[in-house]
4 protein chains.
Amino acid sequence: MSNKIRVTVWGENVHEHKHAHIGKIYPRGMHEEIAESVRGSAEFEVRTATLQQPEHGLTEKVLEETDVLTWWGHCAHGDVEDKIVDRVQTRVLQGMGLVVLHSGHYSKIFRRLMGTTCSLTWREAGEKERIWVCNPAHPIVHGLGPYFEIPHEEMYGEPFGIPMPDETLLISWFEGGEVFRSGCTWKRGNGKIFYFRPGHESYPTYYQKEVQLVIRNGVRWARPDAARWIDNCPNIPIEKAPEKIRPQGEALHKPGEAGFR
Amino acid sequence: MSNKIRVTVWGENVHEHKHAHIGKIYPRGMHEEIAESVRGSAEFEVRTATLQQPEHGLTEKVLEETDVLTWWGHCAHGDVEDKIVDRVQTRVLQGMGLVVLHSGHYSKIFRRLMGTTCSLTWREAGEKERIWVCNPAHPIVHGLGPYFEIPHEEMYGEPFGIPMPDETLLISWFEGGEVFRSGCTWKRGNGKIFYFRPGHESYPTYYQKEVQLVIRNGVRWARPDAARWIDNCPNIPIEKAPEKIRPQGEALHKPGEAGFR
Amino acid sequence: MSNKIRVTVWGENVHEHKHAHIGKIYPRGMHEEIAESVRGSAEFEVRTATLQQPEHGLTEKVLEETDVLTWWGHCAHGDVEDKIVDRVQTRVLQGMGLVVLHSGHYSKIFRRLMGTTCSLTWREAGEKERIWVCNPAHPIVHGLGPYFEIPHEEMYGEPFGIPMPDETLLISWFEGGEVFRSGCTWKRGNGKIFYFRPGHESYPTYYQKEVQLVIRNGVRWARPDAARWIDNCPNIPIEKAPEKIRPQGEALHKPGEAGFR
Amino acid sequence: MSNKIRVTVWGENVHEHKHAHIGKIYPRGMHEEIAESVRGSAEFEVRTATLQQPEHGLTEKVLEETDVLTWWGHCAHGDVEDKIVDRVQTRVLQGMGLVVLHSGHYSKIFRRLMGTTCSLTWREAGEKERIWVCNPAHPIVHGLGPYFEIPHEEMYGEPFGIPMPDETLLISWFEGGEVFRSGCTWKRGNGKIFYFRPGHESYPTYYQKEVQLVIRNGVRWARPDAARWIDNCPNIPIEKAPEKIRPQGEALHKPGEAGFR
C-alpha cells in the first residue's frame, strides 16, 4: 500500500449520454461527480474508469494499484464482461475495498460477492428520502447528524435480498411510506464492502454534501488493513505436519499434487 | 411442502469408478451411503442424483420437489454445468436447504453462495480427526457427546476462506496438529446452508454412525421454514405507495416498466 | 419439554391501575391481552405472571416449566428484584425462549442479555406506525403481507443501542419521520430472544390481529430446540484427556478442584 | 483522543503474592509484563492499575483518559466492586476498547458485556498449545505465521459459552486433544472487545513474543474510532418531529419528561 488511499471510481457512463435530462444534471458524467467526493482531500489518490474503456478501464494493473473501488451501474450490468468481474472479485478477496452505490445492488460484482438476489422494491417518483444513522460512532457516518435528507430520490424498499450485513449503519424513510437498509457493511475474504443506497441518475444526488461525506468516509473505512493474503488451497506434506505423523490407509493424491477445483 | 422432508442426495460418482480402492469402500457409490444417513427414518423421503445423469439429475422438477439437497463432489467440480448451478442457487434462495459435504467446499454452488474462495489447507495421511461440539444444544449436534473421532481422515486446516458463519458448531482437532471449523451454518435468501467437513473418498467415513447422525440432523435443520418467496425486484407504482405522493422531477422509467438487471 | 409449548406471559401490571385511560383500554390487564395472542391455539399452554406476585410470579418451578417467557414492563423496571433477573437469565441461557415487548427494551433482563444500553429515541404522539417485513419467509412473519399498520403508537427511533441482531426482520416507518428496527433476533446460550417493538400502554395495540400474529409466531420460533445444556466450567482431569499427556510444570489447582469464578 | 493510544493494563495482582512459583515467574507482577507488550512502541502511552488500589485503580478520571483497557483476573473476580464494573461497562459502550485475557473470560465485566455464562472446559497440565490463524490478513494477527506454539499452557476447551463472535480469528489445538476459539472479537455499543486466550499464571506465557505481538495488535485494533456517543434515550418533542404531526390519543408522559428506566 502507498501512504495515500488509491481510489478507482467506476462508472457505467451510459445514461448521461442517452437521456438529455441526465446529461444536463451530470455534464461531466456521474463518475466524475462521484470522484469529487474523494478528490480534494490529500489522503486520497483518485482515478476514474468506465464501461466503454478497454477492459472497462479495469486492467490487471489498474486493479493492482487500487485500494478501494467504487461502483455505479444501472442499465448496462449485463455488458460487464464476466472475466472482469472475476478479476474484481479476486482483488476484493485479496483485500481491495468495494463501495457499491445505488443501482449497483444489481451489478454482477455485488451479486457475486453476496451470493443472493440483491432484489428490492422500487418507485421513481422524486420523493423525499430521509436517511437515519443507526450507529452514530461508526467511522462511515462521522460528521453526520442524526439524519440527513435528500429532497428528490428514487425509492428503494424492503425486502432487500442480501445476506444479513455485518453492520446496518443507515436506514431510509421515504415520503411514500417505505423503509430500506441504506448503509450496510460486509467482509468477504480480506475485502471490506460497503453498500450505500442513494444516487439515482435522474436527480443531482451526488452533488449533495452529506452523500459525498458518506462516500468519502466509506472509502476510507474500506481501505485494506494489511498485506494481501493469497488463497490457494495449499497442500501440507506429511513431513511438514506440525506433529509427527505417518501416512495411514491408501491415498488418492500423489505427493506434491495440487487439489481438485 | 409435503409432510415428509424430501431429500435429494447428489453425488459426483467418479472416484468410485476410477479408483479400485475407493470402489471397494463404496461399492454402491458414495451417494448411496450418504443417502443411508437419512433413509430408514419415516420423516424423510430420499432420492439420489449424480453428475452423469441428464441435467446431472437435477431437473427443474426434481429441484421443485426437493426440500433439502446434499452435495458431495471433488475431482469433477468443473464438469457441473453453470446453468444447473444457477438453478440450484435459485432454489436455495427460495428456501431449499443445502448440506455441503467435505470437498464440496470447492464446488461451484458453494463458492457461488459464499462469494469467497472457500480455500483451506489439506493433507491426505489417514490421520485421526476428533470433532468437538461448540454448542451442545444445537439441533444439528443433537445426540452427540462432547466430541467424536474418525480414525482415518484427510486433514483440512485453517485458514478456511469463508464468510464468517452464522454459527460455528463443530471444530476439528487433527493428529498432525491442525484445526478446522468443520460444522458451519449460513442463511442465504430463504435457504439454510450447512457445511460439514468429513468424508474423504479414501476412507469409510460415511459408514460411521456419528457422521450419519450429523448429516441427518443437518438435513432436518435445513428444511424450509415456510412457503417460498419469489425475488423479482417489483416496481411499486406511485398510486400504490402506502402514503399519498405525487411524482416530482423527470423519470427514467415508464409506468409499469421492469427495472434493469 | 412437553408436547405443548408452555408459555408464561409476564406483565408489570402497574399502568392499568394507575392511569384511568389505560385501565379502560386494558380492563383485564395488558398481560391478559398479550396472553390472548397465544391462547386459543392448541399448540400452546399459557399462564400469566405479574410483578406484584411473590417472586414476581417467576418461581423456580414456574420457570422450570416455561418454554417461552414474554416480557412487558415500563415504569417499574427498577422494582424487579435482581435475584429474579438472575434466575430468568439462567433459564434463557439453558434454552428458554424470551420475547421482549415494546418498553421491555429497558428491562433489566433485556439489558443483561444484550450487555448494551438498549437506548433509543421516542415520542408519544399517537402517530401512525407502518411495520415492514425484511425477510418474508422467516417463520416470525409468516402470515403477514409486505407490511402492516398500527393507527396510533408511540414512536421509537434509531439509534437503537443493541448489539447487531442475528436477523433484522421488521423495520418501522413513523408518520413523524423516524425509522426503527422493530423486530430483531439474537441467540444467547441456548436461548432464542425476539424483540418486538409495538405495544405502548396508551393504545389498544395488543388487540390488533397482526400484532397478535407476530407474538404468536415469535413464541413458536423461540421455543427450545433441545434438552438443556448446563454450563458449569468443568475441569477435565489429566487422565481423562482425549490424548495421553503427562503433567508438566507446577500446577495451581489441586486435582478435582473447581475453577475460580 | 490524543494522538497516542492511551492504554491501561489492569491486573488482579494476587497470585504473584500468594504462590511462590508464580511470584518467581512474574516478580514485577503479571500486569507489568502484560504492559511490556505495548510499552516501547511510541504509538502507545501505558499505565497499569490493580485490584488493591483505591477504586481498583479505575477512577472516573483514569477511565476517561483510557482508550483501551486490558483485563487479567482469576481468583478474585468476586472482589471487583459492581460500581467499578458499571463504570467500565459504560466506558466500553462509549467507545473504550477492551482486551480480555485468559481467565478474564469469567470476569464480571466480560460476562456483563457478553450476557452469557462464558464457561468452558479446562485442565492444568502444562501441555503444548498451538494457536492457528483463521484470517491471516486481520490486523490483530499481523506479523504472525500460520500458527505459533506455547510450550506449556493451561488447556481451555469447547464449548465456550459466548455469543457468536463477530470474527473468530484464532483457534487453539491442545496436546491433550481439545480445541478452543482463542481469539474472538465483538462490538458492544461503540466499544470493540477482543478476547485472547493464553496467559495462565503458572507459566511464563506473557514473556513470549508472539503473545506480546497479539496483545499489541489487539490494543491497536480496539482503539476508539470516533468521538464518543452518549446514550440517553432522548425524547423527541412533537414539534421537533422531522415530519409535521399533531398529537393523537391520550398521552402518558408530560412534555419534556424523561422515560422510565
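## A bridge between chains C and B

Arg130(C) pairs up with Glu243(B) in a salt bridge, their closest N and O atoms sitting 2.4 Å apart. The term stands for a side-chain nitrogen of Lys or Arg within 4 Å of a carboxyl oxygen of Asp or Glu. By that rule, the interface of chain C and chain B has six salt bridges.

Six residue pairs across this interface are also in polar contact, both residues being at pLDDT 80 or more. Here that means a pair of N or O atoms within 3.5 Å, where, within protein, one must be able to donate a hydrogen and the other to accept it, and residues adjacent in sequence count only if both atoms are side-chain atoms.

## What the C side is made of

On the side of chain C that touches chain B, β5 (121-133) and β7 (167-174) each supply at least two residues. The largest share, three residues, comes from β5(C). Strands here are DSSP runs (E, at least two residues), numbered from the N terminus.

Chain C and chain B each put 20 residues into the contact, meaning heavy atoms within 4.5 Å.

## How sure is the model?

This is a predicted model, so local features need pLDDT of at least 70 and side-chain atom pairs 80 or more, while totals for chains, interfaces and linings use all residues. Residues are numbered from 1 along each chain, chains are lettered from A and ligands numbered from 1 as written, and side-chain values use heavy atoms, without hydrogens or water.

The predictor gives the complex an ipTM of 0.94 and a pTM of 0.95. Chain A averages a pLDDT (confidence in each residue, from 0 to 100) of 93.

Notes:
Helix = DSSP H or I, 4+ residues; strand = E, 2+ residues; numbered from the N terminus. pLDDT = per-residue confidence, 0-100.
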